[in-house]
Amino acid sequence: EVSEMSERSKQNVAHGLAWSYYVGYLKIVLPRVKKSMEEFCRANPNLLACRKTWKLHILVPLSCDVCDDLEKADSNIQYVTDLTETTLTRAGTKKRVYKHSLYAIRDEENQLWHCAVEYATPLQSLYAMSQDECAAFSREERLEQAKLFYRTLEDILKGSKECADAYQLIAYEEPEEAETHFLSREIMWHLRQEHHEEIAVLEGSHSHTPSTALDSAELSLQISVSDLPQPLRTDGF
């Protein structure tokens, strides 16, 4: 009965997607990100001077609207190159390739900041389900699932020793009116925070996170301590 209720309310969709994303992808690639960054930095010492940015920046748009080409999503985001590939034999596929793309983000002062960034691909599934009559996924349900996906993934990664300090989740809600450089500003906010953190460590002080960041508390979700997600609370978002 519990299983049928969960299926009808679709409470298990985002929960399963988050775990699949972690086990089938992030747990494989994140432990190797810093090594790829180090290799790139040896050849290009000036582009990745801030070690705190040596991580995979994962975009989590709560609309689930994932753009395949970041350069088309925001002209202040420019592709630079691909980092060193990881090749593994996986689920019957020989020499499966995992790689990340490095981008240059242009800020308001026309300066370039470099980082590895990509969307959380399971959000494409949530969006596709909301467009498919068979899934019967409403826009409101999609938003709740996106929030649950983010919170579940955040909790999983926080408990993962292998992935520690190798990722940055960037959850955001897009403005109602289109803004040309909204996405690059979101990424820049996090890059600046990472830069400040590195300076704080070097100076032996502590950095403080401004209240403007979209963090897990602002998503106003109730995540069950059990394996089965409970109904979401959306009154605060």
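The lining of the largest cavity in this predicted model divides into three nonpolar, four polar and two charged residues. The residues concerned are Val-29, Arg-32, Val-33, Ser-36, Thr-84, Thr-86, Tyr-98, Lys-99 and His-100. Helix 2, spanning residues 13–43, supplies the largest share of this lining, with four residues. The enclosed space amounts to about 50 Å³, and a search of the whole structure identifies one cavity of 30 Å³ or more.

Lys-99, one of the residues lining the largest cavity, also takes part in a salt bridge with Asp-82, in which the closest N and O atoms are 3.2 Å apart. This pair connects distant parts of the chain: Asp-82 belongs to strand 2 (residues 77–82), whereas Lys-99 lies in the loop between strand 4 (93–98) and strand 5 (101–106), and the two are 17 residues apart. Lys-99 is partly exposed, at 41% relative accessibility. Asp-82 is likewise classed as partly exposed, at 26%.

In total, the structure contains 10 salt bridges. Side chains of opposite charge can pair when their charged atoms come close. Among the salt bridges is that of Glu-154 with Lys-158, for which the closest N and O atoms are separated by 3.9 Å. Both residues are located in helix 5 (residues 139–158), and because they are four residues apart, about one helical turn separates Glu-154 from Lys-158. Glu-154 has a relative accessible area of 11% and is therefore buried, the limit for that class being under 20%. Lys-158, by contrast, is exposed, with a relative accessible area of 58%.

A further salt bridge is formed between Arg-185 and Glu-179, with the closest N and O atoms 2.3 Å apart. Arg-185 is partly exposed, its relative accessible area being 37%. Glu-179 also counts as partly exposed, at 39% relative accessibility. Elsewhere, salt bridges with shared partners join Lys-34, Lys-55 and Asp-165 into one network.

With regard to covalent cross-links, a disulfide is a bond between the sulfur atoms of two cysteines. The structure holds zero disulfides. Cys-115 is buried, with a relative accessible area of 0%. Cys-163 is also assigned to the buried class, at 0% relative accessibility.

Definitions and conventions
Residues are numbered from 1 along each chain as its sequence is written. This is a predicted model: local features need pLDDT of at least 70, side-chain atom pairs count only at pLDDT 80 or more; totals for chains, interfaces and linings use all residues. Side-chain values use heavy atoms; hydrogens and water are left out. A disulfide is a pair of cysteine sulfur atoms within 2.5 Å. Buried means under 20% relative accessible area, exposed over 50%, partly exposed in between (1.4 Å probe, protein chains only). On a 1 Å grid over the protein atoms alone, a cavity is a set of points where a 1.4 Å probe fits but cannot get out, and a pocket is an open set with protein on both sides within 12 Å along at least five of seven lines; lining residues have an atom within 4 Å of a point. Grid points are joined across faces, edges and corners, and a volume is the space filled by probe spheres set on the points. Ala, Val, Leu, Ile, Met, Phe, Trp, Tyr, Cys and Pro count as nonpolar, Asp, Glu, Lys and Arg as charged, and the others, Gly among them, as polar. A salt bridge is a side-chain nitrogen of Lys or Arg within 4 Å of a carboxyl oxygen of Asp or Glu.
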